[in-house]
Amino acid sequence: MEVQQTLVWLRRDLRVTDNPALYMAAARGGPVIPVYVWAPEDEGDWSPGSAAKWWLERSLAAFDCSLRNLDSRLVLRRGQTAKTLCSLAKETGATSVFWQMGCEPNSLELERQVQTALTENGIATETFDSSGLFDIGGIAKDDGSPYKVFAAYWRKLQSLGNPIPPLQPPGCIRPPDLWPTSLTLEDLGLCKEEQARPLFSAKWEPGEKGALQTLTKFLDDGLKFYSYRRDRPDLSGTSLLSAHLNFGEISARMLWEIVSDHDRTGEYSGKFLTELGWREFARHVLYHFPDTTTEPMRREFSRFPWRSDLTDLEAWQFGRTGYPFVDAGMRQLLSVGWIHNRVRMVVASFLIKDLMLPWQEGSRWFWEKLVDADLASNTMGWQWVAGSGASSAPYFRIFNPVTQGEKFDPKGAYVRRWVPELSGLPDVWVHKPWLAPRKTLEHAGLRLGTDYPEPIVDHASSRLAALSGFQAIKKDLNSEDESTRGIASG
DNA sequence: TTTTGAGTTGTTCGA
DNA sequence: GTCGAACAACTCAAA
C-alpha cells in the first residue's frame, strides 16, 4: 500500500501539544509536511495588525523549533493560500491536507476556497474544530437557535461537563524523504516596516514554551488571587495568556484541564474558567452573527449620533486625552501591544461615550495594535461597551475615567508607569491633574497644556450628551415601530 | 403560546 | 462616609 503524505496547514494553532490536525496526520504513519502560508490579502479586512505580526514572526520561529525536536520542521510559503497549498501538495505528492478550523467569517470563507481548490485537484481535506472548548456549531438552545445571553450560554456549557481532554504531542512526526523548499521568516516581511520594540521583547515570549512558563507562573502565584487582583492594573493579577491563546500556542482545552486540576475544589479557578467561557461565547456569537465585526448587533445603534473627529480620535489613540487612566492604557497598548482588561473597558467607554466616536474606530485600532487581537473577543468587547451587542452593558453604564482610576489604581502606580510626566504628582491628584492646586503642579514640575494635556472633554457634560444620544436612538426606534405598525394596520 | 425571572465588570444623587 | 434608588424598559431563555 502506498504511503500517504499529509500536509498540515498551520494557522492559529502553533503548538505541538493538543494539536489534532498535526497529531492525526502524524498518526497516519506517512510523511507529514507542516506548512504556514503567509497570505494577508486572503484575510479580507482582518489581516493581522502590526503587533500581531510581531508576535506571529516569533511564534512561527518557536513552533519551528518545537517541530525540529520531533524530527520535523515548518515550511513557510507566501502567496494566495489555495493556490499555494495546491502546488505544494503537487510538488510533494501529498494526498491530504489537514487543518484546524476557525470561527471568523473571513477565516471560514478562506477555508471554503481552500477546500474547493484542493478537492478540484483531487486532494482530500480534513478539518479539526480544536480552537475552542467545544465544537463551534455544537452549542445551541433547545430550539436550535444561538445564545445571546452569556449566563444562559455558560449554564449550558457547564451542563456539558468538561471539554474533551487535550491530546499529547505526537510521539514522532515522520519527515518526507526530501523537504520542499521553504522561505525564511525574514522573507515573509512580517516586521520589516516596524521599528525595534524593546518593551514587547521584554514582556513577551511568544511560543508554546513561553505559554507554559506564563501559565506556570500564573498557577504558582496568580490563580489564588485572580478574582480580586484581576481588576487591578497596578498589580500583576491577570494570566497574561491572551496572546498565547490567540495564536494557539496553548489550547483552551489544555488550559481548562490544567487550571481545573490545579484547583479541584473550584474555589479559585471558577472566575478564571468563566473568562474562558467568555472567550467561547464570543466565538459562538461571531460564528452565528458574522456581520457583528462592523455592524451593531442591535441595529438601532447604527443611528446613534456618532461624531467624526480625527483630532479627538488621535488624542485617544496616542494617549493624549488629558485623562491619565485613559492615556496610561492607550500608551500601554502602543508600548507592549496589550492593555489590562479593566483599562480596556475604561478606554473603550471613553472613546464611545465621552468622545462619541464609533466603536468600530476603537475595534480597528485595537486590532492593529494588540498582540492578542482576536476578532471574536475584540468584537464582543467593543459591542459590549457600546451597549449594542449580546449580553452587553446597559447604555447608561458610563465609566468615569477618574473614579475608575482611583478605585483600581489607588496609588497611581499604573498611571505613573505609563504616563511618566505625571509621576511627580501626589496620589490624590494623579488621576485628575487639572484639579490640582497650582502650587502642587509647580512642585511636581508639571505644566498642564504643555507637558501633559488638559482634558479634551469634560466628562460630566459629555456623559450627559451620550445619555441623550442614546435617548434619541430609542425614540427613533419607537417612531419606526409606530410607522411600521401604521403600515401593517393600514 | 404564554408567562416568568433574570440579565459581567457603573455612576450619581439624595437621604 | 455610606447606602439605596434611579437610570429604562427590554430582550432573552426556559418552564
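The surface near DNA strand C, in this predicted model, splits evenly by class: five residues are nonpolar and five are charged, with no polar ones. The residues around DNA strand C are Lys141, Asp142, Tyr147, Lys148, Val149, Ala152, Arg155, Lys156, Pro394 and Phe396.

DNA strand B makes a good companion to look at next. Its surroundings comprise 16 residues, and Phe150, Ala151, Trp278, Ser391 and Asn400 are the closest. Two elements each give two or more residues to this surface: α5 (150-159) and α18 (401-408). The class counts for both strands are set side by side here.

| Surface | Nonpolar | Polar | Charged |
|---|---|---|---|
| near DNA strand B | 11 residues | four residues | one residue |
| near DNA strand C | five residues | no residues | five residues |

Stepping back to the whole chain, the domain assignment divides chain A into domain 1 (6-131), domain 2 (133-165 + 209-288) and domain 3 (299-464). Measuring from C-alpha centre to C-alpha centre, domain 1 and domain 3 are 38 Å apart. Each of these two domains puts nine residues into their contact. On the domain 1 side, the residues touching domain 3 are six nonpolar, two polar and one charged.

Now for the interior. In soluble globular proteins, nonpolar side chains tend to be buried together. Here the largest nonpolar core holds 103 residues, and the members touching the most others are Leu7, Val8, Val35 and Leu85. Helix α2 (residues 50-68) supplies the largest share of this core, with nine residues. A separate core of 15 residues lies apart from it, with Leu133, Leu245, Leu255 and Leu276 among its members.

Leu85 is worth a closer look in the viewer. Beyond its neighbours within four places in sequence, Leu85 contacts Leu7, Trp9, Val37, Val97, Val114 and Leu118.

One last stop is Gly381, which sits in helix α17 (residues 375-386). Gly381 counts as buried because 23 C-beta neighbours lie inside 10 Å, and the cut-off for that class is 20 or more. Setting aside residues up to four places away in sequence, Gly381 touches Arg344 and Ala348. You can also trace the path from Gly381 to Leu467: 86 residues separate the two in sequence, while their C-alpha atoms are 20 Å apart in space.

Key:
Residues are numbered from 1 along each chain as its sequence is written. Chains are lettered from A and ligands numbered from 1 in the order in which they are written. This is a predicted model: local features need pLDDT of at least 70, side-chain atom pairs count only at pLDDT 80 or more; totals for chains, interfaces and linings use all residues. A residue is near a molecule or strand if its C-beta atom, placed from the backbone, lies within 6 Å of it. Helices (H or I, at least four residues) and strands (E, at least two) are DSSP runs, numbered from the N terminus. Ala, Val, Leu, Ile, Met, Phe, Trp, Tyr, Cys and Pro count as nonpolar, Asp, Glu, Lys and Arg as charged, and the others, Gly among them, as polar. Domain bounds come from an automatic or database domain assignment. Two residues are in contact if their C-beta atoms, placed from the backbone, lie within 7 Å. A residue is buried if 20 or more other C-beta atoms lie within 10 Å of its own, exposed if 12 or fewer, and partly exposed in between; C-beta atoms are placed from the backbone. A nonpolar core is a set of buried Ala, Val, Leu, Ile, Met, Phe, Trp, Tyr and Cys residues joined through C-beta atoms within 7 Å.
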